[in-house]
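Visitor: Please take a close look at one part of this model, the strands and how they pair. Set the rest around it briefly afterwards.

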Amino acid sequence: MTKNNQSKEITAEQFIDQYFKKIGIGGSVKPEQFWRLLTKKFGKLADEFGDCVEARENGQKVDPYVLKNQTVEFANAIAAQFDVAKLRSTALWFLREQFQLNDKKVLEVGCDNGILLCMIATLFPDTKFTGIDPCEPAIKIARERAKYLELTNIEFQVATLDTFIEESNQTVFDLILSVTVFHELLADGLFDSSKTIMSYSNSTFSIEDADNEFIPKCVEIYDLKVLTLLLSVDGKFISVDRWGTQYDLLKWIRLNEKVGLCCSIASSNMIRFKGSSGQPEILPLTVFYKDSKAPLLACDVLSFKAYPGFVDVTAYHLIEDMMVAEMIYGALAKEEIYFHECVYNDGSGTERLTMGVANGLGYVYTTATTGFRRLVLIPSAVLYEKAHEMDEARGHAVNVASVKHHWGDPNLLSRLNIPLN
Ligand SMILES: C[S@@+](CC[C@H](N)C(=O)[O-])C[C@H]1O[C@@H](n2cnc3c(N)ncnc32)[C@H](O)[C@@H]1O
């Protein structure tokens with residue numbers, strides 16, 4: 001997908017791994033081992049940081065950012081344990097979206113010590129990047145990183161959104177990025193910060209209940225208003241954040257709607273990675289557009305059907321009318337990820353199932369020699385779950401049919417977070 005220094009084609013994963021190696025950031029280890037090694041290497045600083053993390057876990061308002069950015073080595077050690085897996089998955093999503101950024105301006109809000117923004121800036125030499133964060137030592141390290149990487153298309157400023165807009169001289173950005181910042185900025189108590197893993201099991205979720213419970217007009221959303229002012233007319237705001245429940249995700253979407261942004265459900269996704277304690281984590285990645293007159297895409301409309309669940313596997317749109325199913329299936333711009341064919345031993349016929357993604361929307365299409373056709377449209381984020389169902393279904397079918405199957409392009413599977421068996 002891209003070229004390294006020796007001009008060899010390398011994959012997005014390889015590029016990201018090489019980048020982390022180059023800036024001296026490794027991977028995470030078991031928590032006990034991490035704290036032991038940290039204390040051994042950094043002594044008192046490690047103990048102070050440990051106390052700070054513990055205080056935060058106990059709900060105290062303490063700021064770990066100044067402490068963790070005392071030196072590049074310390075900041076890198078903390079990032080390896082707490083941030084790299086998240087930033088790696090976010091970067092993978094970003095690179096695979098293939099944004100056209102030449103001559104554009106990109107802003108990262110809450111860029112910390114610049115790990116993500118410097119990585120992206122190395123790939124887009126003709127794009128101007130700005131990173132802001134109120135933490136002075138973090139920005140100092142971000143600048144050192146950019147210098148070490150010989151980047152000339154990036155600048156970092158010590159600023160909050162609030163102070164940045166005052167000095168920005170009406171500059172606007174085509175793309176604004178923000179990773180795990182807004183859950184800390186928005187009004188206290190609005191979001192349930194104790195839940196950081198997206199719950200799949202909340203089947204009682206409904207938009208009406210959530211809207212009734214949540215009254216956005218009471219909430220001060222100054223930072224989001226400022227962000228919208230910094231976005232160009234057709235700009236995009238991409239956020240990854242700790243919305244641990246579907247309610248919180250919906251509140252986040254509603255808050256953005258309040259300031260005039262609209263969410264593209266079809267472009268939005270889930271970032272999956274292994275958290276610092278070894279547990280799998282899922283963070284919603286939301287994509288918002290400023291242009292309220294942007295045409296609604298067919299896949300947006302159909303994905304909207306799945307809006308209440310968003311990540312709920314049961315949220316789907318079923319087309320059972322055979323003619324309509326076949327017609328819509330024929331019209332989809334399909335990228336196949338899975339196919340299987342079952343020829344039944346009792347001579348009753350053949351059944352085929354194909355699954356894939358079309359314009360950001362997932363589909364499962366089933367046909368049978370009897371003329372049966374069924375099309376199921378689902379959010380692409382849940383294809384991952386469907387892939388497991390397919391494995392199970394095939395396992396049952398082998399007892400009564402001769403079964404053939406194949407998986408699609410490994411790059412596409414990896415983009416959709418579907419592990420190759
Ligand atoms: C949880 S950290 C996330 C850092 C980085 N984006 C990442 O994902 O690794 C939150 C960051 O937001 C920054 N921050 C806090 N208040 C801010 C504000 N008002 N405007 C911009 N950034 C802010 C903090 O200094 C910190 O670096």
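Guide: The strand pairing comes first, and the helices and the ligand shell follow.

The model is predicted, so local features are given only where pLDDT is at least 70 and side-chain atom pairs only at pLDDT 80 or more, while totals for chains, interfaces and linings use all residues. Residues are numbered from 1 along each chain as its sequence is written.

Six strands form an open sheet in the order β11-β15-β14-β13-β12-β16, with antiparallel pairing. Strands are DSSP runs of E with at least two residues, helices are runs of H or I with at least four, and both are numbered from the N terminus. Two strands pair if DSSP finds at least two bridges between them. The edges are taken by β11 (317-319) and β16 (401-407), each of which has a single partner strand, so one side of each lacks a neighbour in the sheet. From one strand to the next the twist averages 15°.

Start at the β16 edge. Seven bridges pair β16 with β12 (residues 334-344) in the antiparallel sense; in this pair, V403 of β16 is the bridge partner of C342. β12 is also joined to β13 (residues 350-358), again antiparallel, by nine bridges. The hairpin of β12 and β13 has five residues between the strands, and G347 takes a positive phi near 80° there.

M355 of β13 ties three strands together in the description: M355 stands opposite Y338, and V364 in β14 is the bridge partner of M355. β13 and β14 (residues 361-368) pair in the antiparallel sense over eight bridges. Two residues lie between the strands of the hairpin of β13 and β14, where N359 has a positive phi near 50°.

Another pairing involves β4 and β5 (residues 154-158), which run parallel and are joined by five bridges. T130 stands opposite E155 in β5. Together with helix α8 (residues 136-148), β4 and β5 make a right-handed β-α-β unit, meaning that with the strands pointing away from the viewer the path from the first strand over the helix to the second runs clockwise.

β4 (128-133) also belongs to the ligand surroundings, where β4 and α10 (182-185) each supply at least two residues of the shell. The shell holds 18 residues, and the closest to the ligand are G110, D112, C135, T160 and V179; a residue counts if its C-beta atom, placed from the backbone, lies within 6 Å. Eleven of the shell residues are nonpolar, three polar and four charged (nonpolar: Ala, Val, Leu, Ile, Met, Phe, Trp, Tyr, Cys and Pro; charged: Asp, Glu, Lys and Arg; polar: the others, Gly among them).

Helix α6 (residues 84-97) comes within 11 Å of helix α7 (residues 115-123), axis to axis, at a crossing angle of roughly 30°. Axes are lines fitted to C-alpha atoms, for helices over the stretch in contact, and angles run from 0 to 180 degrees between N-to-C directions. α6 and α7 are therefore roughly parallel (under 35 degrees; over 145 is roughly antiparallel, 65 to 115 roughly perpendicular and the rest oblique). The axes of helix α1 (residues 12-22) and α6 come within 10 Å and cross at roughly 140°, so α1 and α6 are oblique to each other.
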